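Dear colleague,

Please find below the sequence and structure that I am handing over to you. My notes on what was found follow directly after them.

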Amino acid sequence: MMLRLRYSKLGKIRFVSHRDMARIWERVLRKARFPMAYSEGFHPRPKLSFGLALPTCGESDCEYLDITAAPDWDAAEIDGLPERFTAAMPDGVIVEDVVELPTGMDSLQAAVTSCTWNIEIINTTEMDAADYVARVLAAEVLEVTRVRKGKPVTDDIRPLIYSLALTQTADGNLALAAELGTQPRALRPSEVVLAVEPHLETGRIRRTKQWITVDGARCEPLAAVAAVDAHTTVGVG
């Protein structure tokens, strides 16, 4: 059986990288005595499939992980997993929900089409920030040069900026609310800022939503599982 988990990552744990977070999850699953399925070969690894990497120092309300349980795992235990995993986690990580994953679901890496972000900006005025947003939305092309495999590559990121608006953080600081595309390559919040205003300083960055499209409708990854289940049930009937 495959399971999909949603968890938050807030506070000091934001300084832990995506790779280190993967190692933490392996330790947590062992500590929680969860019967994982493992790959074959000389160096078996637990079958874990992570979603899109969260930038180091970024917080998130909506991280996802797919895990494969061993064949002898009792599915009746699924309701207790969020509390069980959270108890084994370091401070700042809360596992909020776990659902069974239907056969044939795309991986998180392939399925997520966009993410919503809250990007704190701390060295500008509200007027200048509003001007920044207007310039981004009015631009037909926004080019960013990145290094790939040792070579500079210039991309137009404007098609991946689905929305951008001026907002505030919970503390009342200026922030940008942005929905950014992830296909064919995930657009990072820092790249949006650098494209128009290289000297703009960002504070905390927080991913608030991840989006998947199912039958033309946009939904979150756990809701997508429910939508696929409903569609399969209707199809069988």
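Ala130 is partly exposed because its relative accessibility is 37%; here buried means under 20% relative accessible area, exposed over 50%, and partly exposed in between, with a 1.4 Å probe and protein chains only. The residue belongs to helix H4, where helices (H or I, at least four residues) and strands (E, at least two) are DSSP runs numbered from the N terminus. Between Ala130 and Val144 there are 21 Å from C-alpha to C-alpha, at a sequence separation of 14 residues.

Please note that this is a predicted model, in which local features need pLDDT of at least 70 and side-chain atom pairs count only at pLDDT 80 or more, while totals for chains, interfaces and linings use all residues. Residues are numbered from 1 along each chain as its sequence is written, and side-chain values use heavy atoms, with hydrogens and water left out.

Salt bridges

In total, 16 salt bridges are present, a salt bridge being a side-chain nitrogen of Lys or Arg within 4 Å of a carboxyl oxygen of Asp or Glu. Helix H4 takes part through Arg135, whose side chain meets that of Glu197 in a salt bridge with an N to O distance of 3.1 Å. This pair connects distant parts of the chain, 62 residues apart: Arg135 sits in helix H4 (residues 126-138), and Glu197 in the loop between helix H5 (189-196) and strand S10 (202-214). Glu197 counts as partly exposed because its relative accessibility is 25%. Arg135 is likewise partly exposed, its relative accessible area being 34%.

Arg146 has two acidic partners to report. With Glu191 it forms a salt bridge at 3.0 Å, N to O. That pair also links distant parts of the chain, Glu191 being in helix H5 and Arg146 in strand S6 (residues 143-148), 45 residues apart. Both Glu191 and Arg146 are buried. Through shared partners, salt bridges join Arg146, Arg148, Asp155, Arg185 and Glu191 into one network. Within this network, the closest N and O atoms of Asp155 and Arg146 are 2.6 Å apart, and Asp155 is buried, as is Arg146.

The S6 and S7 hairpin, and Arg158

Strand S6 pairs with strand S7 (residues 151-156) in the antiparallel sense over six bridges; two strands pair if DSSP finds at least two bridges between them. Thr145 has Thr154 in S7 as its bridge partner. The two strands form a hairpin with two residues between them, and Lys149 in the turn has a positive phi of about 50°.

Arg158 is found in the loop between S7 and strand S8 (161-168). What is the nearest side chain of opposite charge to Arg158? It is Asp156, 7.2 Å away, and Arg158 has no salt bridge although it is buried; for charge, Lys and Arg count as positive and Asp and Glu as negative, with His and the chain ends not counted. The side chain of Arg158 does reach the backbone oxygen of Leu137, at 3.2 Å. Leaving out residues up to four places away in sequence, Arg158 touches Val136, Leu137, Ala139, Glu140, Val141 and Leu142, contact meaning heavy atoms within 4.5 Å.

Helix H5 and strand S5

The buried residues of H5 are placed against strand S5 (112-121), H4, S6, S8, strand S9 (174-181) and S10. In H5, Pro189, Glu191, Val192, Val193 and Val196 are buried. Strand S5 is largely enclosed by the rest of the structure, because eight of its 10 residues are buried. S5 pairs in the antiparallel sense with S10 over eight bridges, and Trp117 has Arg207 in S10 as its bridge partner. S5 also pairs in the antiparallel sense with S9, over seven bridges, with Ser114 opposite Gly181.

Aromatic pairs

The count of aromatic pairs comes to four; rings of Phe, Tyr and Trp (its six-membered ring) pair if their centres lie within 6.5 Å, and planes under 30 degrees apart count as stacked, over 60 as edge-to-face and the rest as tilted. Phe34 and Phe85 form an edge-to-face pair, with 5.6 Å centre to centre and 75° between the planes. The pair joins distant parts of the chain, 51 residues apart: Phe34 in the loop between helix H1 (18-31) and strand S2 (48-50), and Phe85 in helix H2 (residues 81-88). Both Phe34 and Phe85 are buried, and together with Tyr7, Trp25 and Trp73 they form one aromatic cluster.

With kind regards

Key. Polar contact = N/O pair within 3.5 Å; in protein donor to acceptor, adjacent residues only side chain to side chain.
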